[in-house]
Amino acid sequence: MTWTQQVAEPVIHFSAVGLTYPGPPAVTALRPCDLRIGRGEFVTVVGPSGSGKSTLLNIVGLLDAPTRGTYLLDGIDTGAVSEANRAALRSERIGFVFQSFHLLAHRSAQENVELAMLYQRLARRRRRVRAEAVLRRVGLGHRLHALPTQLSGGERQRVAIARALVSEPSLLLCDEPTGNLDSRTATSVLDLLRGLHQDGMTIVVITHDAHVAGQGQRTVTIQDGLLTERVSEQVIK
Ligand code: ADP
Ligand code: MG
């Protein structure tokens, strides 16, 4: 793939993508929708419980395949690749951040980040250097050797963000990233995401929280499986 193609292509390109769980009874959790998310965008997806957020996240994150439509990730038709290649695409191109941080309890911050590079053919020393650099980027250069239990909730989430970033994904996909944090810590994690966006990272944050949704450059709403994009007032004027 050439550099120009990479820049021109959206990271996420949905054409009439939908998902119906077979049941019985069948549940259409995502109604067929079109969605394009370009490189470097910061998009939030907001909707109440049961609206289809996890379904959307699972499709975007290649954890689940849609039952309708076409999903291109970086221009690659994800419906046309084998299960093994989907797993490879997922680990190379998508960094996941979850509400509960999913860190290994008996490993240091640095080891947690290094482990995310285990399947890349990198020498141990290169892995260590990269883990350190990305932990510095998220503001944890002074806590490299701390265990998760020695870190605050906000620091744990920073480690999880560092782990997601270390393989240089096309997309950082965050599911309620501040759901387990108090409001001050949540603000600092959102500030970090905004900084990453300013550095050029493509970010999708899925949330039920209107305040978190307001942090994005674009907000997509999901309700009863129907995606709609609120056009901001600036655009209307
Ligand atoms: P949210 O994450 O916004 O709470 P979900 O995507 O989890 O919403 O669920 C959307 C709808 O799909 C809900 O009505 C839910 O009950 C239904 N659903 C989710 N997973 C399944 C499944 N595996 N089988 C059948 N229905 C499901
Ligand atoms: Mg959910």
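**View 1. Surroundings of Ile 203 in a predicted model.** In this predicted model, Ile 203 touches Leu 172, Cys 174, Leu 193, Leu 196 and His 197, and also Glu 41, Phe 42 and Val 43. Residues up to four places away in sequence are left out of that list. Ile 203 is also among the residues with the most contacts inside the largest nonpolar core. Two of its partners, Leu 172 and Leu 193, are named in that group as well. Leu 196 is another.

**View 2. The largest nonpolar core.** This core holds 35 residues. Those with the most contacts inside it are Leu 135, Ile 161, Leu 172, Leu 193, Leu 196 and Ile 203. Helices and strands both contribute. From the helices, α4 (109-115), α5 (124-137), α6 (153-165) and α7 (183-198) each supply at least two residues. From the strands, β7 (171-175) and β8 (202-207) each do likewise. A second core, separate from this one, has 28 residues. Val 43, Tyr 71, Leu 89 and Phe 96 are included in the second core. Val 43 is also on the contact list of Ile 203.

**View 3. Thr 207 in strand β8.** Thr 207 sits in strand β8. Is Thr 207 buried or exposed? Its relative accessible area is 1%, so Thr 207 is buried. A polar atom of the Thr 207 side chain lies 2.9 Å from the backbone nitrogen of Asp 209. Beyond its neighbours within four places in sequence, Thr 207 contacts Val 45, Val 46, Gly 47 and Lys 53. Glu 176, Val 212 and Ala 213 are further contacts of Thr 207.

**View 4. The Phe 14 and Tyr 71 ring pair.** The whole structure contains two aromatic pairs. In the pair shown here, the ring centres of Phe 14 and Tyr 71 are 5.0 Å apart. Their planes stand at 75 degrees, so the pair is edge-to-face. Phe 14 belongs to strand β1 (residues 12-21), and Tyr 71 to strand β4 (residues 68-73). The pair therefore ties together parts that are 57 residues apart in sequence. Phe 14 is buried, at 1% relative accessible area. Tyr 71 is buried too, at 2%. Tyr 71 is also one of the residues of the second core.

**View 5. The Phe 96 and Phe 98 ring pair.** Here the ring centres of Phe 96 and Phe 98 lie 5.7 Å apart. The planes are at 5 degrees, so the pair is stacked. How do the two residues stand in accessibility? Phe 96 has a relative accessible area of 17% and is buried. Phe 98, at 27%, counts as partly exposed. Phe 96 is included in the second core.

Definitions and conventions:
Residues are numbered from 1 along each chain as its sequence is written. Chains are lettered from A and ligands numbered from 1 in the order in which they are written. This is a predicted model: local features need pLDDT of at least 70, side-chain atom pairs count only at pLDDT 80 or more; totals for chains, interfaces and linings use all residues. Side-chain values use heavy atoms; hydrogens and water are left out. A nonpolar core is a set of buried Ala, Val, Leu, Ile, Met, Phe, Trp, Tyr and Cys residues joined through side-chain atoms within 4.5 Å. Buried means under 20% relative accessible area, exposed over 50%, partly exposed in between (1.4 Å probe, protein chains only). Helices (H or I, at least four residues) and strands (E, at least two) are DSSP runs, numbered from the N terminus. Contact means heavy atoms within 4.5 Å. A polar contact is a pair of N or O atoms within 3.5 Å; within protein, one must be able to donate a hydrogen and the other to accept it, and residues adjacent in sequence count only if both atoms are side-chain atoms. Rings of Phe, Tyr and Trp (its six-membered ring) pair if their centres lie within 6.5 Å; planes under 30 degrees apart count as stacked, over 60 as edge-to-face and the rest as tilted.
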